[in-house]
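Good morning, and thank you for the opportunity to speak. I should like to take you through one protein structure, going from its overall plan to a few individual residues. Please keep the display in view as we proceed.

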Amino acid sequence: MRSFVFKIAVAAAAVAALPVSANAAIVIGSVTPGTVPYTGPPPTYDFDSLSAPVTGGKVTNTSVSGVSAQPLGSTGNFWTVGPTDGATGIMDLTSFGDIYNVSFIWGSVDSYNTLEFLDAGGGLLKKFTGSDIFNPANGDQTAPDLNPVVRFNLTGSDVTALARLRLTSSSNAFETDNFTINAVPEPATWAMMLLGFGLVGFGMRRRREFTSPSFA
Ligand SMILES: [Ca+2]
Ligand SMILES: [Ca+2]
């Protein structure tokens, strides 16, 4: 019995030591200055050959002075949201099931750009503004720091709950391209899941042994 408790304690400590939290959270994983050409993760949606399930805003390949600018590193079409092109843009992610991270080029980051992660009922899971990405978020159209590839990491129940992204911008504009939606767990997440399955299996084996009726 002592060794059983000891094994559970060792396994629990190992789970606690892993870097991935089981708590629901959506956090900024990385903000990588933009490059020309683009060197971020392979896009799921580039608004060109890989069309995106978006409504609102405008998909265009043309920068318009005072309205929207193609993000640094973006090619072909990009997606822009703002008062002129449509101030609310929605990307539907319900076809993915679980989502472990989302990244995209956030072009000419402005303090008045807002990104919201929503669940299937429209409930807010997490909200970020341009000022969370870079300060000052002054909308510079050529500075790599203000046209970064931003990656958001999801953990816990948020992995399953995320259903759509909502982009809003109270002034022109919130420009984006090259969205990558990752539905495959990271290696560290896999390790934790496998350890979890192992613990459950171990517990079930022990319970069977302890509850077996004895007629001896
Ligand atoms: Ca594009
Ligand atoms: Ca902008």
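I shall describe the overall make-up, then the two sheets, then the core, and finally some particular positions.

Please bear in mind throughout that this is a predicted model. The protein contains 4 helices and 11 strands. Of its 216 residues, 32% are buried. Consider next the contacts between residues at least 6 apart in sequence: 82% of them join residues at least 24 apart.

Let us turn to the first sheet. In what order do the strands of the 6-stranded open sheet stand? The order is β1-β9-β6-β11-β4-β3, and the pairing is antiparallel. At the edges stand β1 and β3, the latter covering residues 58-60, and each of these pairs on one side only. On average, neighbouring strands of this sheet are turned by 35 degrees against each other, if direction is ignored.

We may now walk across part of this sheet, pair by pair. Strand β1, residues 25-32, meets β9 in the antiparallel sense over 7 bridges. Within that pairing, A25 has T155 of β9 as its bridge partner. Strand β9 is mostly covered, with 5 of its 7 residues buried. β9 also pairs with β6, again antiparallel, over 5 bridges. Here S103 is found opposite R151 of β9. Moving on, β6 and β11 are joined by 6 bridges in the antiparallel sense. To locate this pairing on the display, look for V102, whose bridge partner in β11 is I181.

The second sheet is also open, and 5 strands form it. Its order is β2-β5-β10-β7-β8, with antiparallel pairing. Why is one side of β2 and of β8 left without a neighbour in the sheet? Both strands, β2 at 54-55 and β8 at 124-129, stand at the edges with a single partner strand each, and therefore one side of each has no neighbour there. Further inside the order, β5 (residues 88-92) and β10 (residues 162-169) form an antiparallel pair over 5 bridges. One of the positions to look for is T88, which has T168 in β10 as its bridge partner.

A general remark will help with the next part. In soluble globular proteins, nonpolar side chains tend to be buried together. In the present model, the largest nonpolar core has 33 residues. Which of its members touch the most others? They are L93, I99, W106, V150, L154, L165 and F179. Strands β4 (78-81), β6 (101-107), β7 (113-119), β9 (149-155), β10 and β11 (174-182) each supply at least two residues of this core. As an illustration, take L93: apart from its neighbours within four places in sequence, L93 is in contact with I99, L162, A163, R164, L165 and I181.

I come now to individual positions, beginning with N113, which belongs to strand β7. Is N113 buried or exposed? N113 is buried, because 28 other C-beta atoms lie within 10 Å, and the threshold for that class is 20 or more. N113 and S169 are separated by 56 residues in sequence, yet their C-alpha atoms are 4.6 Å apart in space. When residues up to four places away are set aside, N113 touches T129, G130, S169 and F174.

Next, the loops. Two residues other than glycine have a positive phi. F47, in the loop between β1 and β2, has a phi near 65 degrees. F47 counts as buried, since it has 22 C-beta neighbours inside 10 Å. S108 sits in the loop between β6 and β7, and its phi is about 35 degrees. S108 is buried as well, with 26 other C-beta atoms within 10 Å.

Finally, where are the cis peptide bonds to be found? One runs from N135 to P136, with omega near -5 degrees. P136 lies in the loop between α2 (130-133) and β9. Another joins N172 and A173, with omega about -5 degrees. A173 is placed in the loop between β10 and β11.

To close, I would ask you to retain the plan of this predicted model: an open sheet of 6 strands, an open sheet of 5 strands, and a largest nonpolar core of 33 residues. Thank you for your attention.

Note on methods. Residues are numbered from 1 along each chain as its sequence is written. Chains are lettered from A and ligands numbered from 1 in the order in which they are written. This is a predicted model: local features need pLDDT of at least 70, side-chain atom pairs count only at pLDDT 80 or more; totals for chains, interfaces and linings use all residues. A residue is buried if 20 or more other C-beta atoms lie within 10 Å of its own, exposed if 12 or fewer, and partly exposed in between; C-beta atoms are placed from the backbone. Two residues are in contact if their C-beta atoms, placed from the backbone, lie within 7 Å. Two strands pair if DSSP finds at least two bridges between them. A nonpolar core is a set of buried Ala, Val, Leu, Ile, Met, Phe, Trp, Tyr and Cys residues joined through C-beta atoms within 7 Å. Axes are lines fitted to C-alpha atoms, for helices over the stretch in contact, and angles run from 0 to 180 degrees between N-to-C directions.
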